[in-house]
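This report covers a single model, taking the pocket, the ligand and the overall fold in turn.

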Amino acid sequence: MRRPFIAGNWKMHKTVAEAVDLAVALKAALADVSTMDLAVCPTATALEAVSHVLARTNIGVGAQNMYWEDSGAYTGEISPLMAKELAAYVIIGHSERRQYFGETDTTVNLKLKAALRHNLTPIVCIGESLAQNEAGETVAFVGAQIRGAFAGIAQDDAQKVVLAYEPIWAIGTGRTAMPEDADRTIREAIRNVLCDLYDQATAETIRVQYGGSVKPSNMADFIVMPEIDGALVGGASLKVEDFAGIVKNAAAALKV
Ligand code: PEP
């Protein structure tokens with residue numbers, strides 16, 4: 001049984017004061033949730049303050065990105081050692097990082113290795129564009145992203161990774177994948193490839209979130225799918241009632 005995991009990606013939103021307010025409200029709203037893992041990923045500037053608010057609660061904290069070297073002349077970057085001081089999770093290879101900041105399967109692989117080396121739990125994002133989806137290339141493309149991300153990663157480390165399948169055309173657009181389509185892509189492009197790279201047990205151990213315009217009203221449709229283990233939530237994670245609604249609706253649908 002894979003434990004459900006719902007994480008919020010706050011992207012480049014919220015000043016420190018605003019982030020603290022949201023964290024305080026989420027801490028109260030979600031205090032009674034014990035059947036799934038929860039996390040929020042604030043901007044780097046708000047990580048310290050939010051990690052103080054959420055210390056010793058059921059809500060973990062994640063960074064949205066990091067570099068792969070431990071230290072050095074890399075202006076503007078934060079290292080895994082720095083992320084680890086403030087966070088337990090790190091998002092790697094979000095499609096916005098790939099689209100606007102030149103991240104590739106190679107840099108994702110370097111960052112994934114760095115996260116695992118420093119005991120950060122990585123949330124690795126993969127997903128196809130609309131053009132790839134319409135051309136019927138989804139399984140080949142996402143499968144190749146998985147092979148690139150996991151290159152050279154040992155089986156025991158691979159089992160610690162969380163994946164977020166996020167069709168790019170569903171991110172921030174209000175348009176979601178059909179739950180059945182997302183479920184099939186996860187099975188064919190992710191679990192089958194992981195089984196090929198490692199084995200069936202590893203493929204079935206790794207948690208896979210769905211991401212792309214998740215909101216309270218559609219969470220249940222995704223979470224009941226056999227291959228979907230939770231969600232990575234962008235826009236709807238910025239409002240306490242929406243994120244709490246997503247978590248509660250997921251718990252209700254799973255009867256946990
Ligand atoms: C995301 O940023 O990972 C995401 C899925 O965004 P949204 O929920 O806004 O589509």
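## Largest pocket

The largest pocket holds about 610 Å³ of space. The model is a predicted one, and the pocket described here is read from that prediction. In total, 20 residues line the largest pocket. Those nearest its centre are Lys11, Met12, Gln64, Asn65 and Arg97.

Which helix gives the largest share of the lining of the largest pocket? Helix H4, spanning residues 95–100, supplies that share with three residues. Sorted by class, the lining of the largest pocket consists of nine nonpolar residues, seven polar residues and four charged residues.

## Residues around the ligand

The ligand has 14 residues around it. Lys11, Glu166, Gly172, Ser213 and Gly234 come nearest to the ligand. Lys11 thus appears in two lists: it is among the residues nearest the centre of the largest pocket, and it is among those that come nearest to the ligand.

By class, the shell around the ligand has eight polar residues, four nonpolar residues and two charged residues.

## Polar contacts and cover

Which residues place a backbone N or O atom 2.8 Å from an oxygen atom of the ligand? Glycine 234 does so, and glycine 235 has a backbone N or O atom at 2.8 Å from a ligand oxygen atom as well. Asparagine 9 uses its side chain: one of its polar side-chain atoms lies 3.3 Å from an oxygen atom of the ligand.

On its own, the ligand has 290 Å² of accessible area, and the protein covers 96% of that area.

## Overall fold

How many helices and strands does the protein chain have? The chain contains 12 helices and eight strands. Its radius of gyration is 17 Å, and the globule rule gives 18 Å for 256 residues; the two values are close, so the chain is as compact as a globular protein of that length.

Taken along the principal axes, the C-alpha atoms of the protein chain fill a box of roughly 45 × 45 × 35 Å.

Note on methods:
Residues are numbered from 1 along each chain as its sequence is written. This is a predicted model: local features need pLDDT of at least 70, side-chain atom pairs count only at pLDDT 80 or more; totals for chains, interfaces and linings use all residues. Side-chain values use heavy atoms; hydrogens and water are left out. On a 1 Å grid over the protein atoms alone, a cavity is a set of points where a 1.4 Å probe fits but cannot get out, and a pocket is an open set with protein on both sides within 12 Å along at least five of seven lines; lining residues have an atom within 4 Å of a point. Grid points are joined across faces, edges and corners, and a volume is the space filled by probe spheres set on the points. Helices (H or I, at least four residues) and strands (E, at least two) are DSSP runs, numbered from the N terminus. Ala, Val, Leu, Ile, Met, Phe, Trp, Tyr, Cys and Pro count as nonpolar, Asp, Glu, Lys and Arg as charged, and the others, Gly among them, as polar. A residue is near a molecule or strand if one of its heavy atoms lies within 4 Å of it. A polar contact is a pair of N or O atoms within 3.5 Å; within protein, one must be able to donate a hydrogen and the other to accept it, and residues adjacent in sequence count only if both atoms are side-chain atoms. Accessible areas come from the Shrake-Rupley method with a 1.4 Å probe; for residues, only the protein chains shown count as cover. The radius of gyration is taken over C-alpha atoms; the globule rule is 2.2 Å times the number of residues to the power 0.38.
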